[in-house]
Each structure stands twice: as structure tokens, then as C-alpha cells.
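Colleague: Please take a close look at the salt bridges in this model and at the surroundings of the residues that form them. I would like each cut-off stated where it is used.

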Amino acid sequence: MTSTTSRRPYGVKGAPYGFLLPATVLFLLFFALPIGYAVWLSFRKVRVSGLGLGAGARSEVWAGFENYTGALRDSELLHGALRVLGYGCIVIPVMLGLALLFALMLDTDRVRFTPVTRLAIFLPYAIPGVVAALMWGFLYLPDVSPFYFVLDRLDLPQPDLLDGGPLYLALSNIAVWGGTGFNMIVIYTSLRSIPAEVYEAAKLDGATPLQIALRIKIPMVAPSLVLTFFFSIIATLQVFNEPTTLKPLTNSVDTSWSPLMKVYQDAFHRGDIYAAAAEATLIALATLVLSFAFLRAANRRNKQEEAR
């Protein structure tokens with residue numbers, strides 16, 4: 001009896017580690033280990049001896065920071081980063097602005113069929129990104145698009161959305177169409193958690209619905225806005241599906257339109273996995289730095305508001 005009682009605390013203390021073990025193993029195998037392997041490859045390169053023929057002519061050697069300096073000097077990678085920056089300046093404000101607007105509209109008492117409307121707004125997010133890009137890509141093509149058919153019948157201008165500056169709008173439209181629903185659900189869920197007494201007190205003080213939205217709802221869902229903005233930054237820096245899917249439909253999208261497309265091109269077409277690993281590591285570091293800077297600025301602002 002005494003031995004059983006003395007052993008029980010050890011089993012209880014070890015139970016949490018047992019529950020964490022499967023998740024820890026999966027994290028190490030499918031997240032930490034691939035990242036570590038990519039970082040290790042980024043410091044390696046292939047040395048070719050002679051003509052590169054025969055056994056031992058090619059060997060993997062230590063490269064130091066050579067792959068990183070080459071990536072930082074690569075004009076294609078830099079231009080891809082600038083294109084993604086312009087793309088993000090369109091996508092993030094429009095997508096989050098629409099998500100906030102839809103969430104505020106659904107949170108009013110005047111809206112009917114709220115579940116159906118909420119599902120309709122969220123549904124595009126459930127469509128895979130490649131499928132959505134293909135669908136919009138064919139809608140952009142003048143020869144098959146019903147929009148161009150209507151414009152032609154009405155004798156209206158038919159802009160080429162897959163060429164030049166309009167290409168940014170075409171790509172941004174796909175991202176906004178697919179991502180607004182998810183962000184709307186996050187913001188709407190935060191709105192529904194606000195106590196009803198807050199709204200009743202505001203109405204008793206004579207606040208209009210617009211004033212309630214601007215002075216109560218939006219400030220109280222600020223953490224959700226920060227979260228959605230954080231996710232949007234990460235998704236923008238990792239844009240790959242939309243330009244890759246539209247590439248066969250237009251000559252305006254090259255193989256290095258975005259940084260991740262450049263990584264894919266170097267790894268699987270040029271066969272230089274070492275340079276691709278260095279580029280991928282730089283993209284990951286840039287994402288980490290921007291995300292950390294944004295979260296730190298948001299936390300600092302929250303502390304300042306709490307101090308007031």
C-alpha cells in the first residue's frame with residue numbers, strides 16, 4: 001500500500017510529458033529537422049574537379065556564406081521581393097478592410113439570413129488556391145471569359161488584366177477573393193464575444209450604430225485585427241500559387257516573379273539546391289523579422305493605450 005502511494009505522484013507528474021511526446025516527435029521530424037537540413041544545405045556547395053566526369057569528380061564541400069552573398073546580389077530575387085511588396089500593399093489593406101466591413105455588417109440586427117451570408121462569404125476560402133487561380137485565370141482570358149463577351153457586346157473597353165500593371169490587380173483579386181472570408185470569420189467571432197451590455201449602455205447614451213461600430217466594436221476587436229494582419233503578412237511573403245498558376249496564361253509572369261518562385265526555379269530546374277536553400281532561409285528570416293517587428297509595435301501601442 002505504501003509503495004503504490006509513493007509511486008503514484010511520479011506517474012502523475014510524467015503524464016503531461018507522455019501526452020506531449022507524439023506532438024514533439026512530429027514537430028521534430030516534419031518541422032525542425034527539415035528546417036535544420038535546409039540551413040545546413042545553405043552552407044554547402046558542389047565542387048567540380050576536371051571536366052566533372054567520372055566517380056569523385058563532383059563532391060559536396062563547405063561554402064560558408066557564399067550562397068547567401070550570391071542570393072543577396074541576385075537581381076531576380078530582389079526584383080521578386082519588390083513585386084511581392086507592391087502586391088502586398090494592394091492585398092492586405094483591401095482584404096482586411098473588406099473582412100472588417102463584412103464582419104461589422106453581419107454583427108448588426110438588421111441583417112437577415114446571417115448564417116447563409118456568413119457561409120457565402122467564407123466559402124471561397126474553402127476552395128484550393130490552385131483551383132481558384134485557374135478559375136480566375138480563365139475569367140481573365142479575353143477569348144473564353146464571359147466578362148469580355150459582355151464588354152464586347154456593349155462596345156466597352158476590354159483591358160488586358162494579364163499584362164503590365166493590371167496584372168497586380170488580377171493577382172490581388174484572387175488573394176482577396178480567397179482570403180477575405182477567413183479573416184471575416186476571425187473578426188466576426190471576436191465581435192460576438194463582446195458583452196451585449198456594452199451595446200445597450202451605448203444605445204442608452206444615444207450612440208448611433210455607426211458610432212458604436214467606430215468607437216466600441218473596432219477598438220475592442222483590435223487584437224483580432226492584429227492577428228489577421230500578422231497572418232496576412234506571412235501569406236503575402238509566401239505567395240506562390242497564384243503567379244505560378246497564371247504563368248502559362250501570360251508572358252508577364254516569369255519564373256522568378258516572386259521569391260518563392262525563384263527558390264523553386266533554382267532548386268528543381270537549375271538543380272542548385274544549395275542556392276535555393278540559402279534563398280529560402282533568407283525568406284524565412286525576412287518573414288520572422290517583419291512579423292516580430294509588427295508584433296512588437298502592436299504590443300507597444302497596446303501598452304501605451306493601457307497606460308492612458
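Modeller: I call a residue buried when its relative accessible area is under 20%, exposed when that area is over 50%, and partly exposed in between (1.4 Å probe, protein chains only). The model is predicted, so local features need pLDDT of at least 70 and side-chain atom pairs count only at pLDDT 80 or more, whereas totals for chains, interfaces and linings use all residues. Residues are numbered from 1 along each chain as its sequence is written, and side-chain values use heavy atoms, with hydrogens and water left out.

The structure holds ten salt bridges (a side-chain nitrogen of Lys or Arg within 4 Å of a carboxyl oxygen of Asp or Glu). One of them joins R153 to D152, with the closest N and O atoms 3.2 Å apart; R153 is exposed at 56% relative accessibility, while D152, at 37%, is partly exposed.

A second pair is R192 and D107, whose side chains meet at 3.1 Å, N to O. This pair links distant parts of the chain, since R192 belongs to helix α7 and D107 to the loop between α3 and α4, 85 residues apart (helices are DSSP runs of H or I, at least four residues, and strands runs of E, at least two, numbered from the N terminus). The two partners differ in exposure, for R192 has a relative accessible area of 53% and counts as exposed, whereas D107, at 7%, is buried. D107 is also among the residues in contact (heavy atoms within 4.5 Å) with K217. K217 lies in helix α9, residues 209–220, and is itself buried, with a relative accessible area of 9%. Leaving aside neighbours within four places in sequence, the other contacts of K217 are L104, L191, I194, Y199 and I212. Helix α4, residues 114–126, includes T114; this threonine counts as buried at 15% relative accessibility and, beyond its neighbours within four places, is in contact with L106 and Y188. L106 also belongs to a separate core of 17 residues, which includes L100, I121 and M184 as well (a nonpolar core being a set of buried Ala, Val, Leu, Ile, Met, Phe, Trp, Tyr and Cys residues joined through side-chain atoms within 4.5 Å).

A third pair lies within one helix: the side chains of K262 and D266 form a salt bridge of 2.6 Å, N to O. K262 and D266 are four residues apart in helix α12, which means that about one helical turn separates them. Both K262 and D266 are buried, and salt bridges with shared partners connect D74, K262, D266, R270, D272 and E279 into one network. Helix α12, residues 259–268, also buries P259, M261, V263 and A267, and the cover over its buried residues includes α3, α11 (241–246) and α13 (273–307).

Helix α3, residues 75–106, also gives two or more residues to the largest nonpolar core, as do α5 (129–140) and α7 (166–192). That core has 20 residues, and Y87 and W257 have the most contacts inside it. Not counting residues up to four places away in sequence, W257 touches G80, R83, Y87, L167, Y168, L171, P243 and S252.

For the wider setting, the secondary structure comes to 13 helices and two strands, and buried residues make up 32% of the 308 residues in the protein.
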